[in-house]
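Trainee: I would like a close look at one part of this model, the nonpolar core and what surrounds it. Please take me through it residue by residue, and then outward to the rest of the chain.

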Amino acid sequence: MNIDSFKSFIRTIPSIRDEVESGRYSWQQLYEYYILYGEDDKIWEPYKKDNHNDLSYLLDILKNIDLEALSKTFEGLQQVLSLLSAFMLKEEKTSSWYDD
């Protein structure tokens, strides 16, 4: 394990930067933990679980989206909006007829 592998590892958990910025840890301390305990130690778990800004996390979300179901949902919303629009137009015509 060297500094380059540490840097690569830290890039996979960018939320750890907040801990350094808040003063809880220094980069030196984190590097020492990395050297002593490795990447799989429980010290890293909260940061790995809390890593929702990671591109791989977003890709996992996108992979699990059912595009056919999403398309059907949008079609249903479009039908509802069309009905509401038609109803609103009918109401406008009816109210303007009474206003005259």
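Mentor: Start with tyrosine 34, which touches Met1, Asn2, Ser5, Phe6, Phe9, Glu39 and Trp44, leaving aside residues up to four places away in sequence. Keep in mind that this is a predicted model.

Tyr34 belongs to the largest nonpolar core, a set of twelve residues. Its other members are Phe6, Phe9, Ile10, Ile13, Ile16, Val20, Tyr25, Leu30, Ile43, Trp44 and Tyr47. Three helices each supply at least two residues of this core: α1 (residues 3-11), α2 (16-21) and α3 (27-37). Of the elements, α1 gives the most, with three residues. As a general point, nonpolar side chains in soluble globular proteins tend to be buried together.

Polar residues can be followed from here too. Serine 15 sits in the loop between α1 and α2. A polar atom of the serine 15 side chain lies 3.3 Å from the backbone oxygen of tyrosine 47, and Tyr47 is itself one of the core residues. Serine 15 has a relative accessible area of 14%, so it counts as buried, the cut-off being under 20%.

Next, glutamate 19 and arginine 24. These two form a salt bridge, with their closest N and O atoms 3.5 Å apart. The two ends differ in exposure. Glutamate 19 counts as buried because its relative accessibility is 16%, whereas arginine 24 counts as exposed because its value is 52%.

The whole structure holds two salt bridges. The other pair to look at is lysine 72 with glutamate 68, whose side chains meet at 3.6 Å, N to O. Both residues lie in helix α6 (residues 67-99), where they are four residues apart, about one turn of the helix. Lysine 72 and glutamate 68 are both exposed.

Nonpolar side chains also appear on the surface. Leu58, Leu59, Ile61, Leu62, Ile65, Leu67, Leu70, Phe74 and Leu77 make a nonpolar surface patch of about 840 Å². Helices α5 (55-63) and α6 are the elements that give two or more residues to this patch. Take isoleucine 61 as an example: this residue is in helix α5. Its relative accessible area is 38%, so isoleucine 61 is classed as partly exposed.

Conventions:
Residues are numbered from 1 along each chain as its sequence is written. This is a predicted model: local features need pLDDT of at least 70, side-chain atom pairs count only at pLDDT 80 or more; totals for chains, interfaces and linings use all residues. Side-chain values use heavy atoms; hydrogens and water are left out. A nonpolar core is a set of buried Ala, Val, Leu, Ile, Met, Phe, Trp, Tyr and Cys residues joined through side-chain atoms within 4.5 Å. Buried means under 20% relative accessible area, exposed over 50%, partly exposed in between (1.4 Å probe, protein chains only). Contact means heavy atoms within 4.5 Å. A salt bridge is a side-chain nitrogen of Lys or Arg within 4 Å of a carboxyl oxygen of Asp or Glu. A polar contact is a pair of N or O atoms within 3.5 Å; within protein, one must be able to donate a hydrogen and the other to accept it, and residues adjacent in sequence count only if both atoms are side-chain atoms. Patches are made of residues with over 30% relative accessible area and no salt bridge: like charges are joined within 9 Å, nonpolar side chains (Val, Leu, Ile, Met, Phe, Trp, Tyr) within 5 Å. Accessible areas come from the Shrake-Rupley method with a 1.4 Å probe; for residues, only the protein chains shown count as cover.
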